[in-house]
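Open the model in your viewer and keep the sequence panel beside it. The stops below start at one residue and then move through the chain.

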Amino acid sequence: SPYFGCVVGRYGNRIAGGTFTLDGKTYQLATNNEPGGIPCHLHGGTKGFDKVVWDAEGVLKNRAVGIRFHYLSRDGEEGYPGNLDIVMHYWLTDDNEFRVEYEATSDKATPVNLTQHSYFNLGGHDSGTILDHELMIAADHITPVNEGLIPAGDLMPVAGTPFDFRSSTPIGKRVNDDHEQIKYGLGYDHNFVLSSWDGKLRHAATVHDPDTGRVMDVFTTEPAVHFYCGNFLDGTNVGKGGKAYPYRSGLALETQHYPDSPNKETFPSTILRPGEVYRHVTVYKFLTR
């Protein structure tokens, strides 16, 4: 599955070898992905949150209409500890925003990294690739990966590399550059570390389609955004109006904590403990230029 439009979890992105140790106990998760022939755990496992049935009800508030989603992930589901109780809200606001609010609690310590995996093409779903879209990401670093797309644990400055999107740049300009990280990801499939993270909602990225004038601004409370430019889309997925979705015809900007954080002490923690509340807000705001 390309995870079209899904919320992924309990842990979005990758965990090396599908294993982590928490409070002295080692947990083994499904290894459902093998980039570079190296097995890892991806987006919650064999039956992650993208494949379960959530309770849903319509909700209203001032200047917005939405859906309240609820799911209880039982202790041991996909190998994770703790009963994780999740409430999410999707809002469409009068300010042309798609607002996603996450909240979760657990009765045992557990890693949590939820993210929204919608794909976007501001030219329309049948308009071809997103390589002419212009992208800005407010990030001075990425977490560089090995051939298995697992972070090494350090940060790589984007300056002087194909990953420098600090000013608006066409996605296709450097997507095929001769750079080790581009080769590992088969293009862009990397975690961008947002500058000056403080946990507050702030601007993270902007996408602009010069052909239509459409713009999408991304705001988030998370410390990073994973930029994926549809490198594994191949035309086998057929969508609206019978249109196939070919190579690089959509992009995802997944707001999140870093990949493999349960195994990286230097990364911001993704461990949710009893008595704590996981909260995460992301806003996709649409306008024209």
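Start by selecting Ser196, which is exposed at a relative accessible area of 66%, above the 50% cut-off for that class. This is a predicted model. Ser196 sits in the loop that links strand S16 (189-194) to strand S17 (202-208). Add Ala139 to the selection: 57 residues separate Ser196 and Ala139 in sequence, and their C-alpha atoms are 9.0 Å apart.

Now zoom out to the whole chain. Colouring by secondary structure shows one helix and 22 strands. The radius of gyration is 18 Å and the globule rule gives 19 Å for 289 residues, so the chain is as compact as a globular protein of that length. The C-alpha trace spans about 50 × 45 × 40 Å along its principal axes. Of the 289 residues, 54% are buried. Among contacts with a separation of 6 or more, 67% are between residues 24 or more positions apart.

Switch to a surface view. The chain exposes about 12,400 Å², and carbon and sulfur atoms supply 50% of that area. Colour by charge next: there are 26 positive and 36 negative side chains, and the centres of the two sets lie 3 Å apart.

Return to strand S17 and select His208. Is His208 buried or exposed? His208 counts as buried, because its relative accessibility is 9% and the limit for that class is under 20%. Show side chains here: those of His208 and Arg289 are joined by a polar contact of 3.5 Å. Beyond its sequence neighbours up to four places away, His208 also touches residues including Leu122, His133, Glu134 and Val215.

Next, go to strand S22 (residues 278-288) and pick Thr282. Thr282 is buried, with a relative accessible area of 1%. Which side chain makes a polar contact with that of Thr282? The partner is the side chain of Thr255, at 2.6 Å. Excluding neighbours within four places in sequence, the contacts of Thr282 are Phe98, Arg99, Val100, Val218, Phe219, Thr220 and Thr255.

Move to strand S3 (residues 19-22) and select Phe20. Phe20 is buried at 1% relative accessibility. Leaving out residues up to four places away in sequence, Phe20 touches several residues, among them Lys25, Tyr27, Leu29, Tyr80, Pro81 and Pro262. Pro111 is also in contact with Phe20; the C-alpha atoms of this pair are 9.4 Å apart, with their positions 91 residues apart along the chain.

From S3, step into the loop that leads to strand S4 (25-28), where Asp23 is found. Asp23 is not a glycine, yet its phi is positive, at about 50°. Asp23 counts as exposed, with 59% relative accessibility.

For another positive phi, select Leu149, a residue other than glycine with phi near 60°. Leu149 lies in the loop between strand S13 (139-142) and strand S14 (156-157). Leu149 counts as buried, at 4% relative accessibility.

Finish at the backbone between Gly9 and Arg10. The peptide bond from Gly9 to Arg10 is cis, with omega near 15°. Arg10 belongs to the loop between strand S1 (6-8) and strand S2 (14-16).

Methods: Residues are numbered from 1 along each chain as its sequence is written. This is a predicted model: local features need pLDDT of at least 70, side-chain atom pairs count only at pLDDT 80 or more; totals for chains, interfaces and linings use all residues. Side-chain values use heavy atoms; hydrogens and water are left out. Helices (H or I, at least four residues) and strands (E, at least two) are DSSP runs, numbered from the N terminus. The radius of gyration is taken over C-alpha atoms; the globule rule is 2.2 Å times the number of residues to the power 0.38. Buried means under 20% relative accessible area, exposed over 50%, partly exposed in between (1.4 Å probe, protein chains only). Contact means heavy atoms within 4.5 Å. Accessible areas come from the Shrake-Rupley method with a 1.4 Å probe; for residues, only the protein chains shown count as cover. Lys and Arg count as positive and Asp and Glu as negative; His and the chain ends are not counted. The place of a charge is taken as NZ of Lys, CZ of Arg, CG of Asp or CD of Glu. A polar contact is a pair of N or O atoms within 3.5 Å; within protein, one must be able to donate a hydrogen and the other to accept it, and residues adjacent in sequence count only if both atoms are side-chain atoms.
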